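Please look through the structure shown here. The text below goes through it part by part, beginning with helices and moving on to single residues and a metal site.

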Amino acid sequence: MSQFAGCCRLIWNKSLAIQKEKLDSKEKFLKYTELAKSLTESKQEQTFLKDVHSQTLQQTLKQLDRALKDAFNKKSPKKFPVFKKKGLKDSFTYPQGFKIDQENSRVFLPKIGWVRYRNSKKVPGTAKNLTISKSCGKWYVSIQVELEIEDKKHASESRIGIDVGIAKFATMSDGEDVEPLNSFRKLEKKLAFLQKKLSRKKKFSSNWKKQKEKISKLHNKIANVRKDFLHKTTYKISKNHAMVVMEDLKVSNMSKSAKGTIENKGKNVKAKSGLNKSILDQGWFEFRRQLEYKLKWRGGHLELVDPKHTSQKCSNCSHTEKENRNSQSKLECKQCGHSENADVNAAKNILAAGHAVFACGGSDISHPLKQEPAENAQASVCA
Ligand SMILES: [Zn+2]
């Protein structure tokens, strides 16, 4: 499998280099069919490529072709593809020819043979392709399937607003909250310790490699703990509520803003970078992404609203002023005297904003991964 992944990496890098040359000399990219032709030539020069299932190599070229097209997509350009390094995201994909024997927990990989795997869940529908990848010394198989899904109606009619934060990972408009999981913070000390040890070892020595392995295992653990937390949390929320409203926060912008510019160094850089760390720790972006698709699966939906004033507005009388938030943890309304936990108050405002958008036929920012600003949606509310 390492050999297969290695050959796919070689073909990726070689073809990417060709395409980059084309780009530099302002010529058109080679088409997929032309790249496939050059693959045949490569096989004659480097005969070891013949040991690898040819369709996995062709699939690599298709993936590169896709990546280049995505990079030049005018509407939502993605990152330009990069050269692959050994040991990082080793993988290869079979577009066909594989077999899945779920009863016996094994897959047939052409030119490799039957391989046993741990069957984590039943594979539904028709398998379209199969990818083998390596992460932290373990090989994984993922199967892309095609299946018909009927439009579902969500079993619940509940609607809820969610305010995300540092002290509490999430606070809901009904007063419920989710405690944060600072998985990174807890394991950070251990990581720092391991890294210090690494720095004392001779680079590329066998002890250094062993230490490096330990560190990557810990990174993997942190990622898994976080993933598990997010999946459990979003599962519960998407099951209990048909409509979820959240603020349209730009996580990437928030984490960038702390650095500031050279002339105008951001205020509270230290405090802010602490906040950023928490933001990234908490994985709000991933939280939102999971919520969106899980709600969709059940026939519910996620609504995003403009985050303006949600923390200063009184959810009781709508009076909005800075002084409402003289206390960090509480909202105390200067007009009606209403007093409430600040996060719950914000969550209620978020829900109300979501209702307003929904009543006007839904927002055009219902897709949280889109990068457009949220202002338009709010401006159209009840115009
Ligand atoms: Zn009030």
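**Helix packing and the zinc site**

Helix H1 (residues 2-24) and helix H2 pack at an angle of about 125°, with their axes 11 Å apart. Helices here are DSSP runs (H or I) of at least four residues, strands are runs (E) of at least two, and both are numbered from the N terminus. Axes are lines fitted to C-alpha atoms, for helices over the stretch in contact, and the angles run from 0 to 180 degrees between N-to-C directions. H1 and H2 are therefore oblique to each other; angles under 35 degrees count as roughly parallel, over 145 as roughly antiparallel, 65 to 115 as roughly perpendicular, and the rest as oblique. H1 passes H2 in a right-handed crossing, meaning that the near helix is turned clockwise from the far one by less than a right angle, whereas anticlockwise would be left-handed. On the H1 side the contact is made by Ile11, Lys14, Ser15 and Gln19, and on the H2 side by Leu35, Leu39, Ser42 and Glu45. Contact means heavy atoms within 4.5 Å.

The model is a predicted one, in which local features need pLDDT of at least 70 and side-chain atom pairs count only at pLDDT 80 or more, while totals for chains, interfaces and linings use all residues. Residues are numbered from 1 along each chain as its sequence is written, and side-chain values use heavy atoms, with hydrogens and water left out.

H2 (residues 32-45) also packs against helix H3 (residues 54-71), at an angle of about 140° and with the axes 10 Å apart. That angle makes H2 oblique to H3. The crossing of H2 and H3 is right-handed. From H2, the residues Tyr32, Leu35, Ala36, Leu39 and Lys43 meet Ser54, Leu57, Gln58, Leu61, Lys62 and Asp65 of H3.

In total, the protein has 10 helices and 13 strands. Of its 383 residues, 36% count as buried, where buried means under 20% relative accessible area, exposed over 50%, and partly exposed in between (1.4 Å probe, protein chains only). Among contacts between residues at least 6 apart in sequence, 61% join residues at least 24 apart.

Which residues does Asp70 touch, not counting those up to four places away in sequence? Asp70 lies in helix H3, and it touches Ser76, Pro77 and Lys78. Asp70 is buried, with a relative accessible area of 17%. Its C-alpha atom is 8.1 Å from that of Phe80, and the two residues are 10 apart in sequence.

Ser238 is found in helix H5 (residues 206-240). With a relative accessible area of 1%, Ser238 is buried. Leaving out residues up to four places away in sequence, Ser238 touches His154, Leu291, Lys294, Leu295 and Arg298.

Two residues in loops have an unusual backbone angle to consider. Most residues other than glycine have a negative phi. Lys26 is not a glycine, yet has a positive phi of about 55°. Lys26 is placed in the loop between H1 and H2, and at 78% relative accessibility it counts as exposed. Lys111 likewise is not a glycine and has a positive phi, of about 70°. Lys111 lies in the loop between strand S3 (106-109) and strand S4 (113-116), and counts as exposed at 52% relative accessibility.

What coordinates the zinc ion? The coordinating atoms are the SG atoms of Cys314, Cys317, Cys333 and Cys336, at 2.3 Å. Donors are N, O and S atoms within 2.8 Å of the metal (3.2 Å for Na, K and Ca), and sites may look incomplete because water is not among the atoms. The four donor atoms subtend angles of 107 to 112° around the zinc ion, which makes the arrangement tetrahedral; four donors count as tetrahedral if all angles lie between 85 and 135 degrees. Along the chain, the donors follow the spacing C-x2-C-x15-C-x2-C. Distant parts of the chain are linked by the pair Cys314 and Cys333, 19 residues apart: Cys314 is in the loop between strand S11 (301-305) and strand S12 (330-332), and Cys333 is in the loop between S12 and strand S13 (339-341). Cys314 is buried at a relative accessible area of 1%, and Cys333 counts as buried at 7%.

Thr310 also lies in the loop between S11 and S12, and counts as buried at 6% relative accessibility. Thr310 touches Glu247, Asn345, Ala346, Asn349 and Ile350, not counting residues up to four places away in sequence. The C-alpha atoms of Thr310 and Glu247 are separated by 8.7 Å, although the residues are 63 apart along the chain.

Conventions
Four donors count as tetrahedral if all angles lie between 85 and 135 degrees; four count as square planar and six as octahedral if opposite donors are over 155 degrees apart and all others between 65 and 115; anything else is irregular.
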